[in-house]
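Subject: Structure handover and findings

Dear colleague,

Here is the structure I promised to pass on to you. My notes on what was found in it follow directly below.

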Amino acid sequence: MSERKPVNVLFVCLGNICRSPSAEGVFRHAVREAGLEDKINIDSCGTGDWHVGNAPDDRARQKALQRGIDISGLRARQFHASDLERFDYILVMDRQNLADVRDIWRQNGGTEPELFLNYGRSNHDEVPDPYYGGDKGFETVLDLIEDASEGLLDVIRRHQA
Ligand code: 4NP
C-alpha cells in the first residue's frame, strides 16, 4: 500500500454496546492480522445516547472473546454530525440506523452512510439487533460481521493500492 493518509472507518448501531463494538473489534482484528493497523483507523458509536460511557454488553463481550476478540475496553459514545467529516466509511447495521444517520447527513453533508452488509456475501442486508434476544442472536451478529469485514478490507485495500 502506498504512503497515503489512513482510512477512517466508523461502525454505527443503536446503542453502541452490541453490534457496532463487535464490528469494531472484529474489523480491528482483521486489520491487525493484515498488518494494516497504521493505515486504517476504526471507531464505533450509536445513534442513541442511553449507554454512553458503558462497556459492551456482557453477551457481546463473551461471544467475541470466544472468537479470540477482546472488546471489553471499548466504551459507548453517540454519533455526532462531525463524524460525517472525520470518517471515510460510515457503516450502519440496519435500516433504522441508516435513516437516522441519513437525516443528519442530509443537513450536514460529508460521507454518506451505507449498510455495512453491502460489503458481505451473505444474503442479509441488515445486522439484526440482538439486544432483546438470546445467545444465538449474538452468534449471528458475529457471523455477519466477520463476513462483511473481509469484503470491506478487500475494498479498502483495492482503493488504497
Ligand atoms: P446495539 O443493541 O444497537 O447493537 O448496541 C442495542 C443496545 C441497547 C438497546 C437497543 C439495541 N437499547 O434499547 O437500550
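Strand β2 is mostly covered, with six of its seven residues buried, in what is, I should say at once, a predicted model. That strand spans residues 40-46, and its partnership with β1 is parallel and runs over seven bridges. Within this pairing, leucine 10 is found opposite aspartate 43 of β2.

The sheet as a whole is open and consists of four strands in the order β2-β1-β3-β4, with parallel pairing. Because β2 and β4 (114-115) each have a single partner strand, they stand at the edges, and one side of each is left without a neighbour in the sheet. At the β4 end, the parallel pairing with β3, which covers residues 89-92, rests on two bridges, and in one of the pairings valine 92 has leucine 115 of β4 as its bridge partner. Helix α4, made up of residues 95-108, lies across β1 (7-13), β3 and β4, and its direction makes an angle of about 135° with β3.

For the overall architecture, the protein chain contains five helices and four strands, and reading along the sequence gives the pattern β-α-β-α-α-β-α-β-α. A compact globule of 161 residues would have a radius of gyration near 15 Å, and the 15 Å computed for the protein chain agrees with that. Taken along the principal axes, the box filled by its C-alpha atoms is roughly 45 × 35 × 30 Å. Of the 161 residues, 47% are buried, while the accessible surface comes to about 8200 Å², with 44% of it belonging to carbon and sulfur atoms. If you look at contacts between residues at least 6 apart in sequence, 72% of them join residues at least 24 apart.

The aromatic residues deserve a paragraph of their own, as the structure holds four aromatic pairs. One of them is formed by phenylalanine 11 and phenylalanine 27, which meet edge-to-face at 5.8 Å centre to centre, with 75° between the planes. Since phenylalanine 11 belongs to strand β1 and phenylalanine 27 to helix α1, this pair ties together parts that are 16 residues apart in sequence. Both phenylalanine 11 and phenylalanine 27 are buried. The rings of tyrosine 131 and tyrosine 132 have centres 4.8 Å apart and planes at 80°, so this pair is edge-to-face as well. Tyrosine 131 counts as partly exposed, at 28% relative accessibility, whereas tyrosine 132, at 76%, counts as exposed. Ring pairs also link Phe11, Phe27 and Phe116 into a cluster.

Two loop residues may be of interest when you go through the backbone and the contacts. Asparagine 16, in the loop between β1 and α1 (19-33), has a positive phi of about 60° although it is not a glycine. For context, most residues other than glycine have a negative phi. Asparagine 16 counts as buried, given its relative accessibility of 2%. Histidine 51 lies in the loop that runs between β2 and α2 (58-66), and with a relative accessible area of 18% it is buried, which places it under the 20% cut-off used for that term. Leaving aside neighbours within four places in sequence, histidine 51 is in contact with Gly15, Ile17, Ala76 and Tyr131, the last of these being the tyrosine that forms the edge-to-face pair with tyrosine 132.

Finally, a residue with more open surroundings in terms of accessibility is glutamine 62, which has its place in helix α2 and is exposed, with a relative accessible area of 52%. Its C-alpha atom is separated by 22 Å from that of glutamate 150, and the two residues are 88 apart along the chain.

With best regards

Notes
Residues are numbered from 1 along each chain as its sequence is written. This is a predicted model: local features need pLDDT of at least 70, side-chain atom pairs count only at pLDDT 80 or more; totals for chains, interfaces and linings use all residues. Side-chain values use heavy atoms; hydrogens and water are left out. Two strands pair if DSSP finds at least two bridges between them. Contact means heavy atoms within 4.5 Å. Axes are lines fitted to C-alpha atoms, for helices over the stretch in contact, and angles run from 0 to 180 degrees between N-to-C directions. Buried means under 20% relative accessible area, exposed over 50%, partly exposed in between (1.4 Å probe, protein chains only). The radius of gyration is taken over C-alpha atoms; the globule rule is 2.2 Å times the number of residues to the power 0.38. Accessible areas come from the Shrake-Rupley method with a 1.4 Å probe; for residues, only the protein chains shown count as cover. Rings of Phe, Tyr and Trp (its six-membered ring) pair if their centres lie within 6.5 Å; planes under 30 degrees apart count as stacked, over 60 as edge-to-face and the rest as tilted.
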